[in-house]
Amino acid sequence: MAKEKARLKPKSGLSKPALSPVAGKGHAPKRPSNTNGDDTAAGRGGSGEGAIVPQAVSRVTSFEQMTLREDVLRGLFAYGYERPSRVQSQALPAILSGRDVLAQAQSGTGKTSMTAIAAVQAVRASSSELQVLILSPTRELATQTHDVITNIGQFVRGLRSQCAVGGGSGSSSKKGQGQSKRSVNSYAGVQIVSATPGRACDLLARGTLTVRKVRLLLVDEADEMMTRGLQERLYDIYRALDSRSQIVLVSATMPADVLAMTDAFTTEPLRILVARDALTLEGIRQFYVDVGTEQWKLDALCDLYERITVGQCVVFVNSRKKCEWLARQLQALGFGVGVLHGDMVQRDRDEVMRTFRAGASRVLIATDVCSRGIDVQQLSLVLNFDLPRDPESYLHRIGRSGRFGRRGMAISLVTSEERAQLRTLETFFSIRIPAMPSDTLDVL
Ligand SMILES: Nc1ncnc2c1ncn2[C@@H]1O[C@H](COP(=O)(O)OP(=O)(O)OP(=O)(O)O)[C@@H](O)[C@H]1O
């Protein structure tokens, strides 16, 4: 297996990556991880099945027992983190020891925060080189991670962290380009960068960002980053790294095909995986409302909207067009809503997130740009106006509520035709999603 991988590895670090799990990093191939059970935590191969034999992973149950610096510990405690969550207690010691790690855990259990802790700890304040790169699939998540780093690193003297996300209505817009130029020199002396892959590649190509001294690459929402349009960019960044740099991949979902790909990025990683039927959180109650046909969804939503009295809510739709349409309908009916989708200019996206996080707006209509990683603690209700296209997205969407042990609720509006899709979700996660009882919202 190792031989075959070496043979398939592109010869030079500069050659184009193969879009398969065979590309090597820098000038050295990654050794395949041990998939016969060593180091593997509970699970049946992540969201996939079968491949991984369950085995216990040791846990360090207090931050003080980890090899964290005093200034990092102070930051953690000041930020309100008293003890590590389960995934933190399993994965963080390995990350701190310099080992590659693949960590899967339920949504809202502290994975992103763990990457922030690891990033702050990894920095040598005496060096002004870029040492840690964190990649996230959306600008909002990259920004959020940067904010957590700033908080946790508040006592680390000389720490310089920066967020690198595209601007304007897309990377090709004039506005976006203008913003890029303005920020050209702002990465000098920065030790941690939290970026989207597109922006990171752009900065690398311009020579604004140099990653040769990066010792730690943290990839949040790793499965998303290894699929769709992001995969190639991730490879490009990865291949620019020094071959000795440490790689950490985290996500709540890890489909089997993506799990197989992680071998190309990691060397004998500690793999912490969760079986599919253990991925949904008990604290998030899930229901569906049978609306019959699509045209009744709006009425059903208005009815729910009037009854939501506590907390905040995200309404997910499947397209940008539908997002705008739904917001217009609700606004015309006098309901105040925020809107978030990927076609909006960055300034508007920032403003929408800012007001939503501050609690100034209670209902957000969003596409899946908001489904992963976004952490708003008062968000207690997720509404699927459209059912998501894949089971992983369902899990990420509902995980916007019920953060870190809080209670949450997820309600899906389904037409008669969509009932089969709902059943597929139930089978996939081994759960039952019952019809919503009439008094449900009162308990939110
Ligand atoms: N050890 C801790 N103690 C207290 N709160 C924590 C701790 N770790 C994380 N949190 C908080 O829990 C919430 C969820 O954390 P985080 O966003 O890191 O979860 P996640 O697993 O990355 O979620 P997702 O799967 O949605 O990306 C955040 O508000 C975070 O500040």
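This report describes how the two assigned domains of a predicted model meet.

Because the model is predicted, local features need pLDDT of at least 70 and side-chain atom pairs count only at pLDDT 80 or more, whereas totals for chains, interfaces and linings use all residues. Residues are numbered from 1 along each chain as its sequence is written, and side-chain values use heavy atoms, with hydrogens and water left out.

The domain bounds, which come from an automatic or database domain assignment, place residues 63–166 and 187–274 in domain 1 and residues 278–442 in domain 2. Taken over C-alpha atoms, the centres of the two domains are 28 Å apart. The contact (heavy atoms within 4.5 Å) is made as follows.

| Domain | Residues in the contact |
|---|---|
| domain 1 | 22 residues |
| domain 2 | 21 residues |

The buried area, meaning the accessible area (1.4 Å probe) that two parts lose on being put together, summed over both, is about 1,900 Å² between domain 1 and domain 2, and carbon and sulfur atoms give 53% of it. On the side of domain 1, Ser107, Glu140 and Gln144 lose the most area to domain 2, together accounting for 31% of what that side buries.

Four salt bridges are found across the interface of domain 1 and domain 2, a salt bridge being a side-chain nitrogen of Lys or Arg within 4 Å of a carboxyl oxygen of Asp or Glu. Arginine 372 and glutamate 221 also meet through their side chains in a salt bridge, with an N to O distance of 2.9 Å.
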